[in-house]
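These are my notebook entries on one model. I looked up a helix, a surface patch, an arginine and the cysteines.

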Amino acid sequence: MSTSASLSAPQSAPPLSANYLAALPELAAPWQAEEAPAPELVVLNEPLARDLGLDPAWLRTDDGVVFLLGHNLPDGAQPVAQAYSGHQFGQLSPQLGDGRALLLGELKVPKTSPVATSSTSTVDIHLKGSGPTPFSRGGDGRAALGPMLREYLVSEAMHARGIPTTRSLAVLRTGRKIMRSQVEHGAVLVRVASSHVRVGTFQFARMIDDGSGVTRRLADYAIAAHYPELADTEDPYFALVERVMAVQQRTVAQWMSAGFVHGVMNTDNTTISGETIDYGPCAFTLRRDPDDVFSSIDRGGRYRFGNQPAALGWNLARFAETLLPEMVGGVNESLSRVQGVFELFDENMAAAMRAAQSQYREPVYVPRNDLVEAALQTAVGDNLAGDGIGDLGLFNRLFSALTSPYERRDEFADFEGNEPEEFGPYVTFCGT
């Protein structure tokens, strides 16, 4: 075979390691994505694919599409549904877990990749909407096209503005029709993150830790994945609490600067990495009213715009509780040190907010709620009885504008300015 032919040959499925399953089998249920009857690639994030060392042309082939849906995996890949708990609107759900998601495995990225943080960096390749798992709790485990396109659009818009976030590699249609408030196209989102370890993961580990050391192993895994410099400190688990608090404060401060309202800041949606995760009932408040709340399920306004820093502090207190027994000196000796850290929470949060405002650049294009909704409605289409989807033209235009938000372009003039006065009141839904 000639050299030119070799260079253009389609790649095979990339190697995926199963580090999480190997380190933490108690927190992972081996599982497989369900088959898609009529798979179709809807959108592919080609720049991200290249940064991950993947060939966009191969991902568009039949083999690549099957890989993105969790099949045609390389030898050694062991997909898992991750177990975790969560305080949902303040109430503890002891076992949540990936009810409609799968961690396909960890992908090693090139040293020179923008997504790499060290010479041995890996990222999670994760599916959302891939079918029922042992944690589905009676749900169908599937996702609708509209909410998956929302996460694809908004997460990449957040990334373009420098806000730590999970990334979106692709959205695929499965060929199934699923029932929500109406019949919808079934879809799968392919998500990328430095890890999917959450505060809720630590809560679940602590609840099942009967001397197996699973909480400590989870903490060691998180330190190795995100903060390896903490491993040699005098008390790495105390240092982990401090570090996660600092990175999450920076992230939420950036949310506040951007007018982002997450909508469902449960402990299972607070990552150890500081990445924004899960874009279900999210929205943006251009007026930045502290009482703005858009989520249909946040009836008491717990996660309203202005309460997000306080909600973060509450979530991080639950995180610290899980690690107290692992800290030097045990619970009693460590409690006062941890309380001292939380006594400085408001002061440090205010400092993070000030830093986010000196760093803030006014974008030309923002994910205005009216624009996002219009793009999703035209992309999904009305003809759910047919095989096709809607028109992706507006969606793709908006994606281009939002992923280059500081560059004014004449063709996107209709995306500038504020929401029209007649738009609203705006309500978002979680999509499950």
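I took buried to mean under 20% relative accessible area, exposed to mean over 50%, and partly exposed to mean in between, with a 1.4 Å probe and protein chains only. The model is predicted, so I accept local features at pLDDT of at least 70 and side-chain atom pairs only at pLDDT 80 or more, whereas totals for chains, interfaces and linings use all residues. Residues are numbered from 1 along each chain as its sequence is written, and side-chain values use heavy atoms, with hydrogens and water left out.

Entry 1: helix α7.
I take helices (H or I, at least four residues) and strands (E, at least two) as DSSP runs, numbered from the N terminus. Helix α7 covers residues 199-208 and contains Met207. How many of the ten residues of α7 are buried? I find seven, so the helix is largely enclosed by the rest of the structure. The buried residues are Val199, Gly200, Thr201, Phe202, Gln203, Phe204 and Ala205. I then listed what they pack against, with contact meaning heavy atoms within 4.5 Å. The partners are helices α2 (19-23), α8 (214-226), α9 (236-258) and α10 (308-323), together with strands β4 (86-88) and β5 (91-93).

Entry 2: the patch at Met207.
Met207 counts as partly exposed because its relative accessibility is 42%. It forms a nonpolar surface patch with Leu92 and Ile208, and the three share about 240 Å² of accessible area. Patch members have over 30% relative accessible area and no salt bridge (a side-chain nitrogen of Lys or Arg within 4 Å of a carboxyl oxygen of Asp or Glu). Like charges are joined within 9 Å, and nonpolar side chains (Val, Leu, Ile, Met, Phe, Trp, Tyr) within 5 Å. The areas come from the Shrake-Rupley method with a 1.4 Å probe; for residues, only the protein chains shown count as cover.

Entry 3: Arg397.
I located Arg397 in helix α14 (residues 393-402). It counts as partly exposed because its relative accessibility is 29%. Leaving aside neighbours within four places in sequence, I find Arg397 in contact with Glu411, Phe412, Asp414 and Phe415. Its side chain reaches the backbone oxygen of Glu411 at 2.6 Å. Arg397 and Ala375 are 22 residues apart in sequence and 8.9 Å apart in space, C-alpha to C-alpha.

Entry 4: cysteines.
I counted a disulfide as a pair of cysteine sulfur atoms within 2.5 Å, and the count is zero. Why is Cys282 without a bond to Cys430? The sulfur of Cys430 is the closest cysteine sulfur to that of Cys282, but at 12 Å it is too far for a bond. Cys282 is buried, at 1% relative accessibility, whereas Cys430 is partly exposed, at 26%.

Key. A polar contact is a pair of N or O atoms within 3.5 Å; within protein, one must be able to donate a hydrogen and the other to accept it, and residues adjacent in sequence count only if both atoms are side-chain atoms.
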